[in-house]
Structures are given as C-alpha cells and as structure tokens.
Amino acid sequence: MASTLITVAPTGAETAKADCPALPTTLDELVETAKRCEAAGAAMIHLHIRDGEHKPTLDLGLLTETVAAVRENTALIVQLSTGGAVTDPLADRLRVLDAAPDSCSLTMGTVNFGDDVFMNPWPFVTQLFQLTQEREVVPEFELFDLGHVAALHRLLGKYGLPYGGRVHCDLVMGVPGGMPGTADALVAAVNALPDAVTSWSATGIGRTSLTVALAALAKGGNLRVGMEDTLTLAKGHPVTHNAELVERAAALATLAQRPPMSPDEARDLLQVKK
Ligand code: KMH
Ligand code: ZN
C-alpha cells in the first residue's frame with residue numbers, strides 16, 4: 001500500500017515563546033517533541049533553533065548539537081532550515097550546511113512574507129543548491145508561489161539533479177504574499193511541477209492547514225504539519241503539542257488509505273545519505 005511522508009516543523013522563527021509557551025525552543029523540548037512526533041507518525045523533522053533567550057539563531061554550534069541530539073534519540077530524517085528568520089544574512093544561511101544535516105530547505109525565490117520580505121535572490125538559490133550537491137545534503141525545494149515552480153524548472157535545467165537523484169519539494173501555501181492555501185492553487189502548482197519531481201508535500205499556514213492537507217492527500221501528495229505553520233487545531237483550540245498536529249495528519253493519511261511511512265521508508269524515498 002502506498003504511504004505518506006509526514007514532516008513535522010515544530011518551531012519556526014516567527015512565533016515568540018512568550019506568546020506560545022508550548023512552542024519547543026530548548027534542546028530538551030526539541031528532543032522530546034521529535035520523539036513524540038516520531039511515535040505519532042512523522043518521518044522527517046524540519047528544524048529551526050532558538051538561543052538561550054528563545055530567539056531564532058543560526059549558531060553553528062547549537063545547530064550541530066541539535067542535529068546530533070535528534071539523531072541520537074530518533075530515526076527521523078533531520079532537515080535544517082536554511083530559511084532562518086527574515087533578518088538572517090544570506091551568508092549565515094549558507095553556513096547552516098556546515099552542521100551536516102540529512103536534508104535542508106531551499107526556497108526557490110524571494111516572497112513577501114506578511115509585512116516582511118523573505119529574501120532568496122537567484123544567485124543565493126544557485127549557490128545553496130550547488131553547496132547541497134557538494135556536501136551531499138538532500139534539498140527540499142520550498143515553493144511559496146507559482147513563480148517558484150518556474151524557478152525550479154530553471155534550476156534543474158541548468159544545474160541538474162540534487163544529491164541522491166530525487167527531487168522533493170514542499171508547497172508552502174497561505175503565507176500572506178505567497179500563493180493562497182486553497183485546493184485550486186494546490187492543483188495548479190502540482191500540475192506545473194517539473195517532470196523530474198519524485199515527491200512533494202504541502203503545508204497550509206494558519207487556518208489553511210486543514211484545507212491544504214486534505215487537498216494534498218486527494219492529489220496524491222505528502223504532508224508537512226507543525227507549530228511553525230499553525231498554532232490552532234480549530235478556532236478556539238490552540239495546539240498544546242506538535243504531536244497533536246502529527247496525530248491528526250496521520251489519521252487523515254490513514255483514512256486516505258496512505259498511512260504514514262517510517263523514517264526508513266522516507267530515507268529510501270528521498271535518498272538521503274546513509
Ligand atoms: N522563517 C521563514 C522566513 C525555511 O525554513 O526554509 C522562512 C522559512 C522557510 O521558514
Ligand atoms: Zn522553516
């Protein structure tokens with residue numbers, strides 16, 4: 001039976017710990033979250049980390065320590081964010097690969113991001129992509145807009161396949177400034193993906209989370225969920241632990257006759273380094 005890759009994005013860089021104490025920001029909280037989310041059906045974790053004051057950081061020592069701790073305690077594929085926070089310099093974002101994750105996010109273009117701008121100029125995209133090839137890290141192409149899909153065609157046409165030979169992307173939908181979190185937008189984006197794409201997932205920001213998950217399953221895709229993307233299960237029902245979102249995703253995937261895949265199956269799918 002076909003199965004579903006569930007990725008959990010537990011923290012992000014946008015929510016303040018003071019506003020959401022349930023957000024995992026310390027190493028202990030991240031490891032506990034990773035373990036519970038793996039038990040609930042996640043196969044990959046998309047990590048942003050925080051400093052001692054719970055502020056987003058790309059500190060290389062902390063990133064390396066976090067990768068090691070999650071690897072020690074789970075079998076999850078460890079994906080580090082190279083998106084960071086909107087204020088992070090591009091050079092620091094490239095340096096994330098020095099922490100040697102299994103996978104990293106790679107956003108395919110600049111996008112308005114609420115009141116901010118998430119900068120991903122083309123030379124940065126190509127430099128980061130070539131670095132993933134050199135370091136043998138599997139990129140996950142983050143697509144916030146149809147223009148990012150066009151940029152993925154351009155990238156693969158010019159630089160070839162990623163490390164491992166598979167092409168995995170994630171549609172990030174419902175960001176104010178990006179494509180909307182609707183079934184119509186999802187179908188349009190998926191139908192426009194390059195033929196080289198071997199797997200894709202989708203995530204809906206905020207209240208679009210459930211719509212996007214249902215549309216993704218109906219269209220044959222995989223799921224990314226987590227408190228980076230949504231802080232409520234429904235209106236008036238705040239998420240109290242990332243595992244709740246993974247459990248819901250696993251239940252939907254099971255109902256769709258494509259139960260969650262194990263981390264080992266996900267390693268095969270994405271061809272991350274052994
Ligand atoms: N925090 C956003 C500005 C990624 O992780 O690669 C970017 C982001 C995407 O979250
Ligand atoms: Zn992220």
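**Ligand 1.** I sorted the shell around ligand 1 by residue class and got five nonpolar, six polar and two charged residues. The model is a predicted one. I then listed the shell itself: 13 residues surround ligand 1, and the closest are Ala13, Ser81, Gly83, Ser105 and Phe118.

**Strand β6.** Ser105 led me to β6, where I looked up the side-chain directions. Ser103, Ser105 and Thr107 point one way, while Cys104 and Leu106 point the other way. In a regular strand, side chains alternate between the two faces of the sheet. I also checked burial: five of the five residues of β6 (residues 103-107) are buried, so the rest of the structure largely encloses this strand.

**Neighbours of β6.** Next I looked up the pairing. Strand β5 (residues 77-80) runs parallel to β6 and is joined to it by two bridges. I noted that leucine 80 has cysteine 104 as its bridge partner in β6. With strand β9 (residues 138-143), β6 pairs in the parallel sense over five bridges. Here I found leucine 106 opposite phenylalanine 141 of β9.

**Nonpolar core.** I turned to the largest nonpolar core, which has 75 residues. The residues with the most contacts inside this core are Ile6, Ala42, Ile45, Leu143, Leu186 and Val246. Helix α8 (residues 242-255) supplies the largest share, six residues.

**Isoleucine 6.** I picked one of the core residues and listed its contacts, leaving out residues up to four places away in sequence. Isoleucine 6 touches Gly41, Ala42, Ala43, Leu223, Val225, Val246, Ala249, Ala250, Ala253 and Pro260 on that count.

Methods
Residues are numbered from 1 along each chain as its sequence is written. Chains are lettered from A and ligands numbered from 1 in the order in which they are written. This is a predicted model: local features need pLDDT of at least 70, side-chain atom pairs count only at pLDDT 80 or more; totals for chains, interfaces and linings use all residues. A nonpolar core is a set of buried Ala, Val, Leu, Ile, Met, Phe, Trp, Tyr and Cys residues joined through C-beta atoms within 7 Å. A residue is buried if 20 or more other C-beta atoms lie within 10 Å of its own, exposed if 12 or fewer, and partly exposed in between; C-beta atoms are placed from the backbone. Helices (H or I, at least four residues) and strands (E, at least two) are DSSP runs, numbered from the N terminus. Two residues are in contact if their C-beta atoms, placed from the backbone, lie within 7 Å. Two strands pair if DSSP finds at least two bridges between them. A residue is near a molecule or strand if its C-beta atom, placed from the backbone, lies within 6 Å of it. Ala, Val, Leu, Ile, Met, Phe, Trp, Tyr, Cys and Pro count as nonpolar, Asp, Glu, Lys and Arg as charged, and the others, Gly among them, as polar.
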